[in-house]
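Here are a few notes to read alongside the model, for anyone opening it for the first time. They go through the open spaces, the closed ones and then the place where the chains meet.

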Amino acid sequence: MSDLGSRPCADAYNFAYLDEQTKRRIRRAILKGIAVPGYQVPFASREMPMPYGWGTGGVQVTAACLVPEDRLKVIDQGADDTTNAVSIRRFFQRTAGVATTEATVIQTRHRIPETPLTDGQILVYQVPIPEPLRFLEPRETETRKMHELEEYGLMHVKLYEDIARHGQIATSYAYPVKVEGRYVMDPSPIPKFDNPKLSGNPAIQLFGAGREQRIYALPPWTETVSLDFDDHPFRTSKAPHDCDLCGAPNSYLDEVITDDASGRMFVCSDTDFCTGRRAGGHIGRLGEAA
Amino acid sequence: MELPADRTLRLQALARGDEGFVLSMAYSTQRGYGRTHAFVGELRIGMVEVEVDIPELGFAVEIGEIELTECETVNQFKGSKTEPPQFTRGYGLVLGQSERKAIAMSLVDRALRWQELGEDFTGAPVQDEEFVLMHCDNIQATGFLEHIKLPHYVDFQAELELVRKLRAEAQVMREAAE
């Protein structure tokens, strides 16, 4: 995470790119989402100067939330330096002039940061497919009805069939949760390792799906339950190693191939967390003292 | 897009739709998947003026001209449970000079009208409004397809750990059986 400071936005753009009317409409959708946690609110998604599927929903939600005093952080796969994160951060630097450290708003793709979020922060998720039932029932007209009627039997049958076939629930990311005992929600493709952090989180969690034109939300301290069975309780999962750079035993790890002779290392997917630990003197198997 | 869609919404979506997708859908009806045989009733290309109604002025202002291709097909129809035998129509209107897309669009439009004309749903993809309309936008399709180029190592790692675990358990089971 680099502190690039506050920069004036190019005069040609409205603050945070979107026009104020569009932001109002998105804020209304966000408020509705917060009022009905886990419910997918349709919204008039705009075409953004980036391809669908690359975070157009997250970008619109972020744009609608940002104020000039905000400090924005953007991560992809937990890392600040991945291409999608860098591009989106630059986009907001150019159109909103927002600094990016000690974040008040964090836009993320596929991870929840390791460092616990705090009251007053907003976490914005980029969502490819907002519908948790989509791979069981491809029709939106059907899945909307299933949510209306709270008809989630199909999902439980799927989880049961996983257990019958594999001995366990064979979903490792985008693991569905039930929100406050009502809506089943897709938490976006975060690893199920991150699922426990969804529940009882002091931050506001907003989910934006631009191509599918849906926004949904978890207000602070909302209870979410990862779907499971009494005799097959939900379990998180990560590579059974410590981070090779900072030695963290409990962070989510990426596996990096280091040569063509099966050499590999496991490193924190959250680069900011890992850098912070190394700066604090923690050294892993392959790390060097700072 | 709100579904079920009325015909105007379908036509808007198809006019914006990807030419290759609309063409293939139309071709599938010609080959018998949701078959309707079309005769071209009208096929024309021309320039049209684009006017914008400006409420503050109280009159419309012409802001330019665009080229359009329009097609109206006349389709065989032997009648259904609710309609007597008659000809039916399909409509296509597309930007630019593209007879191929205009004709294709009118075939797809006609096929999607099965419900209002009392025809049977035969399970053909082109009769499936949600399938056709949700997948004809090539900006959305291109973006979502190309996002596969972005890194996915976090979810891949999660899947990798799962597959390793399942394989390890399968190995134990196999050894126990031997």
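1. Start with the second largest pocket, whose lining splits into 14 nonpolar, 6 polar and 5 charged residues. Bear in mind as you look that this is a predicted model. The volume of the second largest pocket comes to about 580 Å³. There are 25 lining residues, and F135(A), T171(A), Y173(A), A174(A) and D186(A) are the ones closest to the centre. Two elements give two or more residues to this lining: helix 5 (153-166) of chain A and helix 6 (153-177) of chain B.

2. Next, the largest pocket, which holds about 1300 Å³ of space. Its lining runs to 42 residues, with R211(A), M1(B), L133(B), M134(B) and Q140(B) closest to the centre. Which elements each supply at least two residues of that lining? On chain A it's helix 4 (140-148), and on chain B the list is helix 1 (7-16), helix 4 (129-135) and helix 5 (138-146). Sorted by class, the lining of the largest pocket has 18 nonpolar, 9 polar and 15 charged residues.

3. Now for the enclosed spaces. How many cavities of 30 Å³ or more does the structure hold? There are 2 of them. The largest cavity contains about 130 Å³, and 16 residues line it. If you want to find the spot on screen, go to G53(A), G55(A), Q126(A), V127(A) and P128(A), which lie nearest the centre of that cavity.

4. Staying with the largest cavity, polar residues account for 10 of its lining, alongside 3 nonpolar and 3 charged ones. Helix 2 (residues 56-65) of chain A provides the largest share of this lining, and that share is 3 residues.

5. The second largest cavity has a volume of about 30 Å³. You can pick out its lining by name: T22(A), R25(A), I26(A), F43(A), A44(A) and R46(A). By class, that lining breaks down as 3 nonpolar, 1 polar and 2 charged residues.

6. On to the interface. Chain A brings 40 residues into contact with 28 residues of chain B. Between them, the chains bury about 2800 Å², with 56% of that on carbon and sulfur atoms. Which three residues supply more of the area that chain A buries against chain B than any other three? They're Y52(A), W54(A) and Q168(A), and together they supply 19% of that area.

7. As for specific pairings, the interface of chain A and chain B has 2 salt bridges. One worth zooming in on joins the side chains of R164(B) and E255(A), at 2.9 Å from N to O. Polar contacts across this interface come to 19 residue pairs, counting pairs with both residues at pLDDT 80 or more.

8. Finally, look at the side of chain A that touches chain B. Helix 3 (83-96), helix 4, strand 10 (253-257) and strand 11 (264-268) of chain A each put at least two residues there. Strand 10 of chain A gives the most, with 3 residues. That side of chain A is made up of 16 nonpolar, 14 polar and 10 charged residues.

Methods. Residues numbered from 1 in each chain as written. Chains lettered and ligands numbered in written order. Predicted model: local features only at pLDDT ≥ 70, side-chain atom pairs only at ≥ 80, totals over all residues. Heavy atoms only, no water. 1 Å grid on protein atoms, 1.4 Å probe; cavity = no way out; pocket = protein on both sides within 12 Å on 5 of 7 lines; lining within 4 Å. Points joined across faces, edges and corners; volume = space filled by probe spheres on them. Helix = DSSP H or I, 4+ residues; strand = E, 2+ residues; numbered from the N terminus. Nonpolar A, V, L, I, M, F, W, Y, C, P; charged D, E, K, R; others polar. Contact = heavy atoms within 4.5 Å. Buried area = accessible area lost by both parts, 1.4 Å probe. Salt bridge = Lys/Arg side-chain N within 4 Å of Asp/Glu carboxyl O. Polar contact = N/O pair within 3.5 Å; in protein donor to acceptor, adjacent residues only side chain to side chain.
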